[in-house]
Amino acid sequence: MRIIRVLLRKEFLQIFRNKAMLPILFVMPVVQLLVLSFAATYELKEVDFALVDMDQSSLSRELTSKFQATGYFTLELETFDQGEALEAMDAGLIKMIIRIPPDFEQELSSGQPVNLQLIIDAVDGSTAGLIQSYSASILGDLNAAKLAELKMEQANQSMHQAKMINIIPQNWYNPDLDYITYMVPGILVVLVSMIGVFLSGMNIVREQEIGTIEQLNVTPIRKYQFMIGKLLPFWVIGMVDLLIGLALARYGFQIPFLGSLATVLVVAGIFLIVIQSLGLLISTMTHTQQQAMFIAWFLMVIFILMGGLFTPIESMPEWAQNLTLANPVAYFIKIMRMVLLKGAGWKEIQFMVYTLIGMGSVLLIISINRYKKTSG
Amino acid sequence: MNSFSGFVIKEFKQIYRDKRTLTVLFGMPVIMLVLFGFAIRNEVTNAQIGILDLSKDEVTRTITQKLGASESFEIRAYLQNYEEVEGLFQKGNIKEVVVFEPNFKEKLVRENRADVQIITDATDPNLANLVQSYTSNIIRDYVHELNNIGHVQQAGLNTEVRMMYNPELRSVNLFVPGLIAVILMLISALMTSISITREKELGNMEILLVSPLKPRHIILGKVLPYLVLSVVNVITILVLARFVFHVPFQGSYLLFFAESTLFIMTALALGVFISSAANNQQTAMMVSLAGLLLPTVLLSGFIFPVSSMPVPLQWISHAIPAKWFLIIVRGIMLKGSEFLFIWKETLILVGITLFFMALSLKKFKVRLQ
């Protein structure tokens, strides 16, 4: 026990003596959480559009102002030359072109079908989809209003009364569809994982590369004591970071906190062991920090991008969804969101927690066995 | 010059002898592209939904059938009452529950109006939005069909939509250029930063210092092998993008390679800068991590559109080289942009590159006195 205490003291001293490391360990995660959480949104904010209005009628003006009144659309260019509008799109100045044909108002009010053309920059497919659906609802409203007017005028003609299914949308757990609420718990997981994998992984290879591990190897320190000495400090730092992050989420971002904090902490503790064991395994398989870091990066990028953080796991193909079963980050992100946002309890998450425990045990056993006190 | 070429050759040998790192360096882009190219999607397929049909008539059955037949949905649960919704959502797999009110068909026939409720699990706002709009579309189409029976063309506004540059709205077309940026950033900036810091940490820098090599020669020698590596990776990614993912390539290959090389230079300059500031590899790595990986992924427009971000973040994103590179690459690949359209972005990248090169050369000298 005394040996472990001394080791821990030495490791902590080593970490905190490095002045560059301190801000990286405690300030960087906070800044990233603050900045990146705001960045991760698909919400449509501002769409610059060009108007090719061949009609110049009161109706075409009404239509344009309806678009602008939503606050999403800004009229950037007005022209009679479609080529000019397309060029603006090529140059990335506008995202959409609305083309109103000649005799637009006249034909619509005489009850004829009229074609309105929307040209949307679809390089970003999901934004394009959003622009389309927003536009469709604006145009749909306008159309309904015009048709109603038309019906009034032709009241004596027997008009077919249209059937209607009224759609009532309800968004549970996040009624305002707020992205921050969804992203903050996930980004927090990513930050904590990075600290876990990178720091503990590189730490041991570092001793190998610099040669100081020889000195440790000739001491009577047992393998497990050495491991605890290496893993525990970064585990503690990871937990502290998580707590800071949770406090920020709760009081800074006003994220709902429906589930129990204890559950989150227990799962986080287990998760950090999983991720640190992975770092440990990487460090036993590599010879230089460069290699270790590269493999860790590679795995992290995959874990993050396939962890359901940015794009839903549900939209991945089946084989990719199966791959995420081996992704500890995916589990923790899911658990965090379920516990914090939906108030899920032990019953709902226990299976995932057992899986994490399983992963952690396997990784830890393999890496401890691979670590040899004799080098070379 | 002779000692310089000797140094460069040594650096090349050092990297290319290390088979493990090399496998990672060349294998990584391939695996990443294949994995993400197939897996990262914004579209929804097979979202699990539940149906709570309080009416169980012809109409609700037809709509349910249409929902089930759609590729977007998979009906996983038929609920009996409202109370079950909460439990289903808690388990986390069901994303949406469609509720038909009692006497649905009757109301539709008699009052011409019936209510359907779409309840989504909105913990994921994007997914909730998507499943909701898909469902609404299917129901609207059905109503349209219902009303159109026996009618000729309908009066009113028809919207004709043309999706430019990416008519099928394929996510892959958006993500591949982004992946090029992420991978190049990773390999060029990260590898360089570590490789130079490593010499410091191991004490080899002293040896290099007493050699006749000038600081800029040392940097150049360190950077060249990674430049070559990165160019090879660009080619690999491009081949995969063309032949595996069928991402269109409208513009000029020459321009593409010129711009990629420029971006690699930017990344290398950043790497050198980080290494001149960091004392050990761990610090260098954490700084690259904080300064490069997450910002490149999140602030460049790789996944989330920059225009959706709050204004202060849009300002920050101007300082992210990958943002400009993404505009350039998407322009060349999808729009067939010529240099005339992207000269501004190119100029900014050149500026960033020169800035960091100057800064790190200056810092490097100071450190090496």
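Student: Leaving aside its neighbours within four places in sequence, which residues is Q117(A) in contact with?

Tutor: This is a predicted model, and in it Q117(A) is in contact with Q82(A), I97(A), I98(A) and R99(A) from chain A, together with E160(B) and R162(B) from chain B. The residue itself lies in strand β4 of chain A, which covers residues 113-121.

Student: Is Q117(A) buried or exposed, and what separates the C-alpha atoms of Q117(A) and R99(A)?

Tutor: Residues under 20% relative accessible area are taken as buried, and Q117(A), with a relative accessible area of 13%, is therefore buried. As for R99(A), it stands 18 residues from Q117(A) along the chain, while the two C-alpha atoms are separated by 5.0 Å.

Student: How should I read a positive phi, and where does Y173(A) sit?

Tutor: Most residues other than glycine have a negative phi. Y173(A) is not a glycine, yet its phi is positive, at about 70°. Its place is in the loop of chain A between β5 (164-172) and α7 (179-210), and because its relative accessibility is 18%, Y173(A) counts as buried.

Student: And what is the phi of H246(B), and is H246(B) buried or exposed?

Tutor: H246(B), again a residue other than glycine, has a positive phi near 50°. H246(B) is found in the loop between α9 and α10 of chain B, and it counts as exposed because its relative accessibility is 52%.

Student: At what angle do the axes of those two helices, α9(B) and α10(B), cross?

Tutor: The axes of α9 (residues 215-243) and α10 (residues 253-277) of chain B come within 10 Å and cross at roughly 140°, which means that α9(B) is oblique to α10(B). The crossing in which α9(B) passes α10(B) is right-handed. On the α9(B) side the meeting residues include I219(B), V223(B), Y226(B) and L227(B), and on the α10(B) side they include Y253(B), F256(B), F257(B) and S260(B). By kind, the residues of this contact divide into 15 nonpolar, 2 polar and 1 charged.

Student: How do α2(B) and α9(B) cross, and at what angle?

Tutor: Helix α2 of chain B, residues 19-39, has an axis that comes within 10 Å of that of α9(B), and the two cross at roughly 25°. Angles under 35 degrees count as roughly parallel, so α2(B) is roughly parallel to α9(B), and their crossing is right-handed. L25(B), F26(B), P29(B), V30(B) and L33(B) in α2(B) meet residues of α9(B), among them L229(B), V232(B), N233(B) and T236(B). This contact divides into 10 nonpolar, 2 polar and no charged residues.

Student: How many residues has the largest nonpolar core, and which of them have the most contacts inside it?

Tutor: The largest nonpolar core has 185 residues, and those with the most contacts inside it are W297(A), F310(A), F36(B) and M333(B). If we take F310(A) and do not count residues up to four places away in sequence, it touches Y42(A), M183(A), I304(A) and L305(A) in chain A, and V297(B), L298(B), I303(B) and F304(B) in chain B. Apart from the largest core lies another core, of 26 residues, including I120(A), A128(A), L139(A) and M163(B).

Terms used: Residues are numbered from 1 along each chain as its sequence is written. Chains are lettered from A and ligands numbered from 1 in the order in which they are written. This is a predicted model: local features need pLDDT of at least 70, side-chain atom pairs count only at pLDDT 80 or more; totals for chains, interfaces and linings use all residues. Side-chain values use heavy atoms; hydrogens and water are left out. Axes are lines fitted to C-alpha atoms, for helices over the stretch in contact, and angles run from 0 to 180 degrees between N-to-C directions. Helices (H or I, at least four residues) and strands (E, at least two) are DSSP runs, numbered from the N terminus. Angles under 35 degrees count as roughly parallel, over 145 as roughly antiparallel, 65 to 115 as roughly perpendicular and the rest as oblique. A crossing is left-handed if the near helix is turned anticlockwise from the far one by less than a right angle, and right-handed if clockwise. Contact means heavy atoms within 4.5 Å. Ala, Val, Leu, Ile, Met, Phe, Trp, Tyr, Cys and Pro count as nonpolar, Asp, Glu, Lys and Arg as charged, and the others, Gly among them, as polar. A nonpolar core is a set of buried Ala, Val, Leu, Ile, Met, Phe, Trp, Tyr and Cys residues joined through side-chain atoms within 4.5 Å. Buried means under 20% relative accessible area, exposed over 50%, partly exposed in between (1.4 Å probe, protein chains only).
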